[in-house]
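Hi everyone, thanks for coming. Today I'd like to walk you through some aromatic side chains, so please have a look at the screen.

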Amino acid sequence: MMFIAAGWITILLLLGGIALDRTLAGLVTRNFDEQLDYMLTAMVGSAEIGGDGEVFFNRPLGDQRFLEPNSGLYWQITGKGHDDFASRSLWDRSLKVDSTQFLAAPHIYDSDQFPGEKLRVMERTILLPGSDTEWWFVVAASRDDLDAQITRIRSILFWSFVVLGMGLFLMAGLQTWYGLGPLRRVRLAIKRMRTTGANRVADPLPLEVQPLVEELNALLAHSEKQAEEARTHAGNLAHALKTPLTVVMNAATAKAPDLADTVIREAAVMRRQVDHHLARARAVGRRAVGLSRANVGESVEAVLRAVTRLYDTTRFDLAGNRNARVAIERQDLDEILGNLIENAAKYGGGSVFVTIDADPKSPDCLIQVEDDGMGIPESERIRIFDRGARLDTGKPGTGLGLAIVRDVAEIYGGSVTLGESEDLGGLLVELRLPRVG
């Protein structure tokens, strides 16, 4: 910010200084030329032709410098075939005149015809009454005064712009320092939070950085939530593995005759628990990576192709918006739908109906899975989501399918509810997931 401000200030001051220098130098030069033009006009107005055909002034010019030798102000009248009529200030010198062209209007230019003295010259060609001769009226003045004025103006401009630039640089520095002050306060607040063990930035800060602080606090809350989830998952897994390990340990200590069966049974229990918690961990990890997207229709069709091979006597129907997209990783969506559709085929009576985006006006995408089985009593619809809970123990299963569905859906901000299918009479599972465009 400082370098950018310094660069722009320098460029603008240079451009402004050049423009102002040209403007003021032009004004001073124009004023100088107007004085020469006034003197030239006075010469033309006073000139007459005498009886001998020579030009003379009927009244003297008012400026005393015309009478002082080498005073820096000169005039001269030149005509072909006539001697030059010149001011005494020229003394033994004369002004060069280009008599090859007729100058109806005053012509002004710079000249260095006098060694060591730069001149500003104005000349004009005049036809005087009573004479056929073309007379060149010339007035010249030394540029010393003009150049001195321009030098003084440029000196004043230079030092004024130097002071102005330093002031602007100082103001830009102070503005940058003051403007970035809230960020320094945020840094100090984060440092205090780290050293004092606080979990939020609670210091009063300006409105300019308040959104940053809010996002930082939200990030801290998200990190705390993830850490708490990790601790909870670790605790749950440890608790879930503790009982099977105790059973195995007791059987091994007692040298039970059915030790092998016990180890196999309890190892299967532990494997189911590990699979469940790994599924949750994978879902949490994928969600943390960023916003995931999955096409519901493609996922349902892939699951149906796999489940149809296992339950070839079951009829599967699919309806709804197959282009619906939800904010979930495709692998997790396949796992959720696989559990729901497989349960419907396993515990149903031979018909499964899947509806995608059953409520298009809802901000969430509603996926319904219905079967024609016995359903689940209303009093058991909450308990069935517990890990290991099973109502029909006559069929193979782990009792973790609906628990995984609920946990993974909630990780992505969705939900799962159970009801009764009006069309098929069995269980109705309603899965809601955040919709994306």
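Let's begin with Tyr-74 and Phe-114: buried or exposed? Both residues are buried. Please keep in mind, as we go, that this is a predicted model.

How do the two rings meet? Tyr-74 and Phe-114 form an edge-to-face aromatic pair, with 5.8 Å from centre to centre and 80 degrees between the planes. Tyr-74 belongs to strand 3, residues 73-79, while Phe-114 belongs to strand 5, residues 107-114, so this pair ties together parts that are 40 residues apart in sequence.

Phe-114 has another neighbour to show you. Arg-93 lies over the face of the Phe-114 ring, at 4.2 Å from the ring centre.

Now let's step back to the count. How many aromatic pairs are there? The total comes to five. One of them is formed by Phe-57 and Phe-85, and that pair is tilted: the centres are 5.3 Å apart, and the planes make an angle of 55 degrees. Here, too, distant parts of the chain are linked, since Phe-57 is in strand 2, residues 55-57, and Phe-85 is in strand 4, residues 85-86, with the two positions 28 residues apart in numbering.

What about burial for these two? Phe-57 has a relative accessibility of 16%, and because buried means under 20%, Phe-57 counts as buried. Phe-85, at a relative accessible area of 25%, is partly exposed.

One last stop on the tour: Phe-57 and Phe-85 join Trp-75 in one aromatic cluster. Thanks for listening, and I'm happy to go back to any of these on the screen.

Conventions: Residues numbered from 1 in each chain as written. Predicted model: local features only at pLDDT ≥ 70, side-chain atom pairs only at ≥ 80, totals over all residues. Heavy atoms only, no water. Phe/Tyr/Trp six-rings, centres within 6.5 Å; stacked < 30°, edge-to-face > 60°. Helix = DSSP H or I, 4+ residues; strand = E, 2+ residues; numbered from the N terminus. Buried < 20%, exposed > 50% of the residue type's maximum accessible area, 1.4 Å probe, protein only. Lys NZ or Arg CZ within 6 Å of the ring centre and 35° of its normal.
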